[in-house]
Every structure is written in structure tokens, then in C-alpha cells.
Amino acid sequence: MVTHLLETKNIKKSFGGVTAINNLSLTVEKGTIFGIIGPNGSGKTTLFNLITGMYPLDSGTIFFNGKNITGLRPHQIAKLGIGRTFQVPALFSKMTVLENVMVSTFIRSSSLKESQKMAWDILELVGLKEKANQQVNNITMEDRKRLELARALGTKPSLLLLDEVMAGLNPVEMKAAIELIRSLKTEELTIIIVEHIMDVILSLCDRIAVLDYGQKIAEDIPERITNNPEVIKAYLGERYRARN
Amino acid sequence: MELFIQTLIDGLLIGGLIIVVGIGFSLCFGVMHIVDFAVGEWVMLGAYTSYLMVRYFGHDPMIYLPILFLIFAGLGWLIYPLIYRAVSGKRHNPVIMGLVFTFGLSIMAKGGALSVWGYHIQSITTWLSGKSLSLGGLVTLPALRFAGFIFGIGVTLLFMIFLYKTKFGVIIRATAQDRETASLLGTDVKKIGGLVYSLYAGLTGMSGVLIGALFSIHAAMGAKYCTLAFFVVVLAGMGYVPGVIIAAFVLGLLQSLVGVYIGGRYNLVALFIVMYGVLLITPKGLLRRGI
Amino acid sequence: MEFQRETYSSNHKTSFFNLGILIFMIALLLFLPLFISPLWIRITTEVLMWAGLAQSWNIIGGYTGYLCFGHGAFFGIGAYLTGLLMVHLNWPFGFCLFISGILASFLAFFIGYPTLRLRGAYFAIATWAFGEMIRQIATILDITGGAFGMQLPAYLNLPFFYYIMLLVTGMTYLTTHLLLERARFGYRLLAIREHEEAAEMVGVDTTMTKIKAFALSAFFPGIFGGIYAYWVTYIHPDSVLKADITDFMVVMAFLGGIGSLWGPLLGAIVVQFIQRILWIVWGEGTFYLVIIGLSICAVVLFIPNGLIGLLEVRIHSPKESINFLMKKFKW
């Protein structure tokens, strides 16, 4: 019997009177890139917050690698192998680029020196090694996004959650980002990516789920999603055109 | 039984006065996310100012209430730009910077008062001091406490009317709820902050008159009122102004009951235990409406 | 690879630099009493104590970013504990000091567990309340002598207190250097300070890390309290548990530079200096408080990184100053 890497079963979350996630069930298979799209407010970021343990679920369960992770604290979930980026990069301001990544490697290394080496390698991977010793306050937006990614990779995740990484990037930067993400996908690393920009999602993902008002209204391969009438309806005829 | 009712009445009377210290403080946090560590010092300065006015100009201290409001509102207006600057620096956590800045202000105020008046205790009296009203022979209403109560309720009413029925009030509440949107809609957030802070300073300074008349005036009295303000605001929920009314009465009753039935020495301990408990169990206040 | 070596070795150099300064200063202070008058020995002892206290506060307030406004309580508790243990149980002085430190840590651990869940302003208020409450309790309890306090037997002579203060302060700074400047623990605290949510997301157990920092920050004040108790021989709630003690810790750390290794020392020296200068000029008085308050406001407005920040040293480690100095001397 095949275990899904990630499985959410009927999860629900409300804030005050607003239901952010309503009876959502998803499965994500190992080694794939899974996309999640939906209009603003459809619950995409909330979903990430629930998976990583930032908010407690009202009801339902989440399984990761066959293990029930409902109710665990974020740092425990990070140790189990889920990493995530924030929409607005949540960097540690008084540290260098290298040090930011180092912190996230602590759970996978046994000494400061080892952390430093691991962080260094990750920076090389995302193309930030030239800026390793720079203060985080002095780097560009694109670099901040790379650093955010590097930091998520520092925990050596087997599941990586990317939250709107393309926001604020110009077309050139976006192309580079797409290439970078594509290069990350391996048997060992599964990626869930939340995005607004259709073209990005369509070009990267193996499967896509569409959320609206906290519910899944469609889940399919990219080719069929664009023709799905529910999906089109959700976007109310507005078509999100890619920036190029 | 009589004692119990008397105790309750005393508690309510004091609670009414304390509301004044709490509402300004709460609004200050709600609108600008500033915890003014100097709140007790504003009360102390108000008390001393009324003392000075009585000494040099005579008359009953209560006459000076509106003047004190104006003086302290003015002071608040002058100080506010500095606070704004402290809170808006990009480098550090703004709430912390505001805290430390007002902490510095409180040290200055306390140090200044100590330098001028030393550790001596002063007092002021009004025509109401020492008088009391008897209700059906059962309970006594000390006149000054009753006046304090009326003052508290009156000020609160005016304050609420201002907040809920005037244009400025609406703007202030909007800014408290969502600063960014308010500023997008054209509100000068900085100016509103200044208005709120002046209001707060004026109210708190003004309450010093009655507090000074009721209790003693000394340079280190700030700590006590800081405690009371914290207590009230924690129970009410930080930033939730209507809750302050209930919380102030709870405070008054708690102090009164503990003072009579357990012993005055345990007053502050009981206060701290309750406050600590609330902070740990319902950090957003008893009604869970805090920020 | 070259880049990496430079990064690592400059960290190494910073580490040795700081350690070197620490050893040098301790060595200097070891022999100082031979050259100065008893008055100055007494002053230095006091400065050493405050430098240690400010640094202890710095651990939770500066490095972790949780401003504790009741930290003086640990000092007072240490004072009373040491007094009680020695008077009633006749335990040796050093041992009592150690126990006081440990018990203060336990208390911090216990209090920290619920309190550190609160953020920013709430934490400040809660700890402030905690500090005042401890003072009230000391005033009420009979075993502590209530409002009248405890009289302790005159114990040892001045040089002894000088050296023991030096020892404990030295240990405080060494501990801070080892655990906070050059270890993963320090990085974790900094991460918590800068962005607690993100820290949690990358695997830092923020709850336990904060509590450990809080417990550590209470250990040395507990010991300092014990030393102080026997130094002044008479303690009462208003002398060892007053809010001023916390105020001073906060002021010194802020003035010198929160989150830095040498900031608290610098702050302690400056504040004590100001205090004494004003006492000489204006007579024993409280005016220095006004200056202190003014300084804090000035620091917040103009130099949030403290006086250390003025020396262009980065808050986390003086790496840049090394490079800066090295460039200057063309090594």
C-alpha cells in the first residue's frame, strides 16, 4: 500500500466568524511538484500555516509520511522534514546571509562548524554565496527571496512549501526562480507551491489543486485545470495573465 | 452584612475614579501600540501640580481640574513627537522601543520629583475632605470618594461620547482597528496619535488631583498607579476601552474586599496574583476583546 | 572555498579578540587593589557587581529580546536566600551563594514557562508585576523579617568582596561569551529576537530555548544578591527588592548596548560614573536619576544600539571592527 507523503483529511479552520479552510482533503505524492492556486482569500496561506503547525486545526487530521502530525508544534514538524517559505521573507535582521541559513541547519548538524559548511553549500545552490557575509538589511528583494528559500532548505526538508515566491519579481527574475525550483525537485524533495501566476504553476507542476473559499473545487493535471468550468467560474472570468 | 455592603460601596467608589487612569492608557495602547510606563508618573505629576497650585494660588484644588487637564494635555502634545520618533525607528521592535522610552520618561519624572520634594509626603484637602453622607443610617458615603466616583463616571461618559459620537472619535477608533487602512483613507496617523496621547496625558494628570486629595502625595507614588493601570488594562484587554469600566470596578472591589477581610498588607499581593492569573489564562482580557 | 575560510577564520579571530580582552581585564583587575585606595576598591566592587547584573539582564532582554522589568527580584531573592541559609542552617558562604543562584534559576524556569508565552508589552508588564509581588511577599513574611528585614553578621573584609565580585562577574561575562556569542544557543536566541515565528519554523524550540535563557539570566543575579547581602550586612525589602535595581540593570544594558557582549560593562561604568559625579557636584541626591532617564530617552531616539553601537561595532559580534582595525594597521 502506497503512503502519500502528505495527506490532509477533512481539515477545518475558522477565525472568529470566518471559515478559512472548509473540509479540505488533499494528498501529495512523493517526488512531485504540487501546485495550489485560488483567488485571494481562498485559504492558501492558511493551509500552509495549518500544515506547519502554526495554527491549530479546528477539526480533521494531517498525516505526513504516514505519521499523524496534527497538533505538533512547528519546530517538531520542521524536524520531521517540512520546510516552508513565507510570502514576505521572514529573515533574521541582525545576522548575515550565511548566519540566517546556519540557524536552520542546527537541527541537522552537531556543531557550529558543520552548520557553517552546510549553510555555505546551500547558499551555493541558490546562488547567494557571493553575498554570504552581507548583512540581511542590505540585499535586494530577489536575494531576500532566495535567502528565504535557502533557509527553508537548511532544515533538509523532504517536503517544501513555497508561498508565493514569485511576488515582487520581474520577468527575468521569475524565469531564474522557475529554473531554480525545477532544479530542486528530486526523489527526495517534494514541493508544494502556492502561486497566483497561472503560467508559473502550469509550467512547473505535476498536479494542481484549486481552492476557493477554503474548499477544494478542483484537482487535476495542469492541462485539464485550465478548461475546468468550476475553476474558470471561481476566477469570475478574470484571467491571471503571466507577466511575460 | 453592613460591613460587607460598606466594603462593596467603597470598592465601587474607588473603582469609578480609577477608570480615568485606565481609559486613556488603554486607548493609547489601542491606537499607537504604546505601553506608557510613565502612566503612574503622570498621576504623580498631576497630584504635585495641584498641590503647588493650591499652595501658591489658594482655593480648592478641585477648581483646578480643567486647568490641569489643559496643562497635561499640552505636555503630552509636546512629548508625543519624541515618542513617535522612538516608535518609528526602523531598526528595532517599535513596541519595545516605545516601552523603554516611556520607561526613561518615568525615571526622569520620578527623579525630578524626588530631587525637588524628596521623600516627604504631602497632601491636599478640599472642601469635601472629611465630610460624608449617610445613606439611611446603614452605609456611609465619604464625600470626597463620592466626588471621585462622580468625576470618574462623568469623565468616562464624556470620553465615550467623544469616542463614539464625534468625527474625531470615529477616526481614532478606525486608526485603532487598522492603522494602515486608516492612513490610506487619508488619516494623518501621526496627528491622531498626538491627539490621543494628549488626551491620555490630560486625563491621567487631571485624575492626580482627586487621587492626591484622597491619598497621599509623594514622589514614589507612581509605581502604585502604574500597577493599577496595568491591572485594569490587563483585565479589560489591552486596547479595549469599554472593558476598562468593568475592570476598574473589579479592581476597586478586590482592593476593598481584601483590605477589609484579609488585611491591607495583602492588597498588592492579591492584585498581582489576579493580574498574573489573567495574563496567563486569558491574555486578551476577561472578555477576550484585547489586542 | 576561499570565501568560507575567510568567514570562519574571522569569526575565530573575533572570538579570540573578545576572550583576549576579557582575560586582559581580569588580569588587570586582579592586581588593581594593590594600587588603589579602599574607597576606589569599594567603588570598583560596586561597578563590577552592576556590570554583572546588567549582563545577566542582557541575556534575556538584549539577546533574546524579552524585556524583563522584574529582574531585580532574582537579586533580592538571592540576598534573602543566602542570608536565611547561612543564619538558620549555618551552611558555608560559597555553597549558599551557589544554592541561591540555582534556586533563582529554578524560580525563573518555573515563572518563565507560563510568562514567556506572552509577547513584548505583556511580558514586560507581567515581569514587572512579578517583581513588585516578590517585594510585597518579602514585606509580609515573618521569616524574612517583614518590612524590617534581616540583620546579618559582619562576615568578611573588603578585599574578599572585591575578589568574589570579580570572580562572579568574570564568570558572567565568560558564560555570555561562550554560550551566547560563539555558540548555537546564542544564534537561536538572536533568531527568536529577530523573528520568533520564523525561528520556530526552522526548527528552533522557541519555548525551551527562551526558558533556558531566562533561567540562565537569573542565576548570576541570585549569586550577586547573596554577595551583596553579606557585603552590606543589613537587607530589607526596599534595599534589595526595590524597582530601582531592575531599573539600573535595564538602563545600563541599554545605554551600553543591548545584545552586545561589552555593552553592559560600558553601561555600568558610565551610569556609576554619572551617579558619582553628580553626587560630588550636587551632593548625595536623586538628581542623577533625571540624567539617567534622559540618557535612556536619548539612547532610544538616537543610538538604539547603545554606546557600543557608536564604536561602529555590529551588535552580534565585532567582526567588522576586526576587519576595520586590520585595515587600519595593514596586517
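Q: How many residues does the contact take from chain C and from chain A?
A: Chain C contributes 23 residues to this contact and chain A contributes 28. Two residues are in contact if their C-beta atoms, placed from the backbone, lie within 7 Å. This is a predicted model: local features need pLDDT of at least 70 and side-chain atom pairs count only at pLDDT 80 or more, while totals for chains, interfaces and linings use all residues. Residues are numbered from 1 along each chain as its sequence is written, and chains are lettered from A and ligands numbered from 1 in the order in which they are written.

Q: Which helices of chain C supply at least two residues each to the side that touches chain A?
A: They are α1 (2–31), α7 (184–194) and α8 (196–201) of chain C. Helices (H or I, at least four residues) and strands (E, at least two) are DSSP runs, numbered from the N terminus. The most comes from α7(C), with 6 residues.

Q: What classes of residue make up that side of chain C?
A: The side of chain C that touches chain A has 11 nonpolar, 6 polar and 6 charged residues. Ala, Val, Leu, Ile, Met, Phe, Trp, Tyr, Cys and Pro count as nonpolar, Asp, Glu, Lys and Arg as charged, and the others, Gly among them, as polar.

Q: Which chains share the most contacts?
A: Of the 2 pairs of chains in contact, that is chains B and C. Their contact takes 38 residues from chain B and 32 from chain C. On the chain B side, α3 (65–88), α4 (94–117), α9 (222–236) and α11 (267–281) each supply at least two residues. Helix α4(B) gives the most, with 16 residues. By class, this side of chain B has 26 nonpolar, 8 polar and 4 charged residues.

Q: How far apart are the nearest C-alpha atoms of chain A and chain B?
A: They are 9 Å apart, and the two chains do not touch.

Q: Now chain B alone: how many helices and strands are there?
A: Chain B has 11 helices and 2 strands. From the N terminus on, its elements run α-α-α-α-β-β-α-α-α-α-α-α-α. Along the principal axes, the C-alpha atoms of chain B fill a box of roughly 60 × 45 × 35 Å.

Q: Back to chain C: which residues of α2(C) meet α11(C)?
A: Those in α2(C) are C:Trp50, C:Leu53, C:Ala54, C:Trp57, C:Asn58, C:Gly61 and C:Gly62. Their partners in α11(C) are C:Phe248, C:Met249, C:Val250, C:Met252 and C:Ala253. This contact has 9 nonpolar, 3 polar and no charged residues.
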